[in-house]
Protein chains: 2
Amino acid sequence: MDPSCSCELCELKGLFIETLDDDHLDIICSAKIEKEFNTGEVILKEGMQIQDFVYLKSGLVKLYRSDSGGKEQIITIAKPFDYVSLLSVFSNNTYNYSVTALEDSVTCNIKMSEVKKLVLENGKLALNLLRQMSLVADQIILDSLEIRKKHLRGRVAFLLIYFSQDIYQSSEFDLPLTRKEMAEYVGMTTENVIRTLSEFRRDGILKIYGKTIQVANMDTLKSIAEFG
Amino acid sequence: MDPSCSCELCELKGLFIETLDDDHLDIICSAKIEKEFNTGEVILKEGMQIQDFVYLKSGLVKLYRSDSGGKEQIITIAKPFDYVSLLSVFSNNTYNYSVTALEDSVTCNIKMSEVKKLVLENGKLALNLLRQMSLVADQIILDSLEIRKKHLRGRVAFLLIYFSQDIYQSSEFDLPLTRKEMAEYVGMTTENVIRTLSEFRRDGILKIYGKTIQVANMDTLKSIAEFG
DNA sequence: GTCATGTTATGATAATTATCATATCGTTAT
DNA sequence: ATAACGATATGATAATTATCATAACATGAC
């Protein structure tokens, strides 16, 4: 096996690679290209030809769409293990969303032609991809239904809980989104995101130091996310 | 080949079956069960164990979630060729949504264990499923983003255009949804759906005879869907 | 440093949407 | 037939949210 290949050490091995035998692993290893992106750099652009299967090795990214007026809607925030180029990849020729790094990130890119070849040859990999796609798509759809039925306070609470619990596993964290991006994610205006955060601060639910957020009262935050 | 099997005649053959050779087709054919549902009958229920891969052979169905308060949110309307049990099916043990027939419908059910076995053996089928899942999930996500950014009039217009063009290919059709279901689909109240329809009628955009809708001015309807 | 620009912040107001009340119409059950 | 119920319909009002205006603050460009 190619000694320069580090796939067998990659923490994503379990998802994508455990189903591959050594021969196939070697193919992936020599075919893959790692790319590094700084915070704010664009990884994929809406309309671009889909050439690679891209997954996130480390970092944090946002998937979003831009409309003709330049306004953006964030579809989801993806951390490693959430595939990045999952949507569209098997059905479309071009991306119908863009991806930008929210933190310094590393992606691993494999030509779609290689992935398709492997799927044809390796049923376990195929099942794994089906499972993963199903999971990711489901989560995006359910989250968007959840967000839709909440009022503004509930939406902001939902987003904060998501970052605190799912992304950073800590009650204090540096929010990698601007207030504007928060608004684009949960479907409200920037002003109202800011106002809602201020309310939460006044109510003693949050402590806010610029982008650093400390959740002082998670129980209340959760009840706001759930009921109002 | 089993002479009672009609799969090779099924119009869904192209999607699910063209990738199968005769042996595999025979397996599917003898394993599949067709089920008929009348309008209003429940096909799948949220929380139920997932046992079968279910796809819609004819008819029209809604996929939806119910919250604790009994309120429902419609995720999507599916016609034949849109797989019904696609979401969750490869990643979950239970459905996280329900499915009900909006018109008399026929489903074709195949045990998931059979489908998984076939995926393991048949790479073309796997790729076909990946493509189809990708397509369906993408469409649901994009539609929900579209709906989210519109005002009430735009949402109702979007829904009417969808039924007129995508489902019935006619400017006059019987809407298979109640006003309440329309509201559950586009995220607004029943009263406001009714009010908006009345507005459209007053503006000469629609003619409404109960559930029968005639789009009198598609251009205006489209510009409302697009701009407001 | 200072300028320009974008982000955060807050208030006043306007627009949008939901809620509540009430009435009519249709359908189904008895 | 008629009672009961849900769906459709409309208006008045309340609640929610967006828009507009303004200002403080931070950040990077020069």
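In this predicted model, a base nitrogen of DNA strand C lies 3.3 Å from an N or O atom in the side chain of E191(B), and on the other strand a base nitrogen of DNA strand D is 3.2 Å from an N or O atom in the side chain of E191(A). Polar contacts with the phosphates of both strands are set out below, together with these two base contacts.

| Residue | DNA atom | Protein atom | Distance |
|---|---|---|---|
| E191(B) | base nitrogen, strand C | side-chain N or O | 3.3 Å |
| N192(B) | phosphate oxygen, strand C | side-chain N or O | 2.8 Å |
| K211(A) | phosphate oxygen, strand C | polar side-chain atom | 2.7 Å |
| E191(A) | base nitrogen, strand D | side-chain N or O | 3.2 Å |
| R179(B) | phosphate oxygen, strand D | polar backbone atom | 2.9 Å |
| S198(B) | phosphate oxygen, strand D | side-chain N or O | 2.3 Å |

Around DNA strand C there are 16 residues, of which R179(A), R195(A), S198(A), K211(A) and N192(B) come nearest. Of the atoms of DNA strand C that come within 4 Å of the protein, 57% belong to sugar and phosphate. The surface near this strand comprises eight charged, five polar and three nonpolar residues. At least two residues of that surface come from each of α6 (179-186) of chain A, α7 (190-202) of chain A and α7 (190-202) of chain B, and α7(A) gives the most, with five residues.

DNA strand D has 15 residues around it, and those that come nearest are N192(A), R179(B), R195(B), S198(B) and K211(B). Here sugar and phosphate make up 59% of the strand atoms that come within 4 Å of the protein. By class, the surface near DNA strand D holds seven charged, five polar and three nonpolar residues. Both α7 of chain A and α7 of chain B supply at least two residues each to this surface, with α7(B) giving the most, namely five residues.

A further feature concerns the packing of two helices in chain B. The axes of helix α3 (residues 112-121) and helix α4 (residues 123-148) of chain B come within 5 Å and cross at roughly 115°, and α3(B) and α4(B) are therefore roughly perpendicular to each other. On the α3(B) side, V115(B), L118(B), V119(B) and E121(B) take part, and they meet G123(B), L125(B), A126(B) and L129(B) in α4(B). Sorted by class, this contact of α3(B) with α4(B) has six nonpolar residues, one polar residue and one charged residue.

How values were computed:
Residues numbered from 1 in each chain as written. Chains lettered and ligands numbered in written order. Predicted model: local features only at pLDDT ≥ 70, side-chain atom pairs only at ≥ 80, totals over all residues. Heavy atoms only, no water. Axes fitted to C-alpha atoms, helices over the stretch in contact; angles between N-to-C directions. Helix = DSSP H or I, 4+ residues; strand = E, 2+ residues; numbered from the N terminus. Parallel < 35°, antiparallel > 145°, perpendicular 65-115°, else oblique. Contact = heavy atoms within 4.5 Å. Nonpolar A, V, L, I, M, F, W, Y, C, P; charged D, E, K, R; others polar. Near = heavy atom within 4 Å. Polar contact = N/O pair within 3.5 Å; in protein donor to acceptor, adjacent residues only side chain to side chain.
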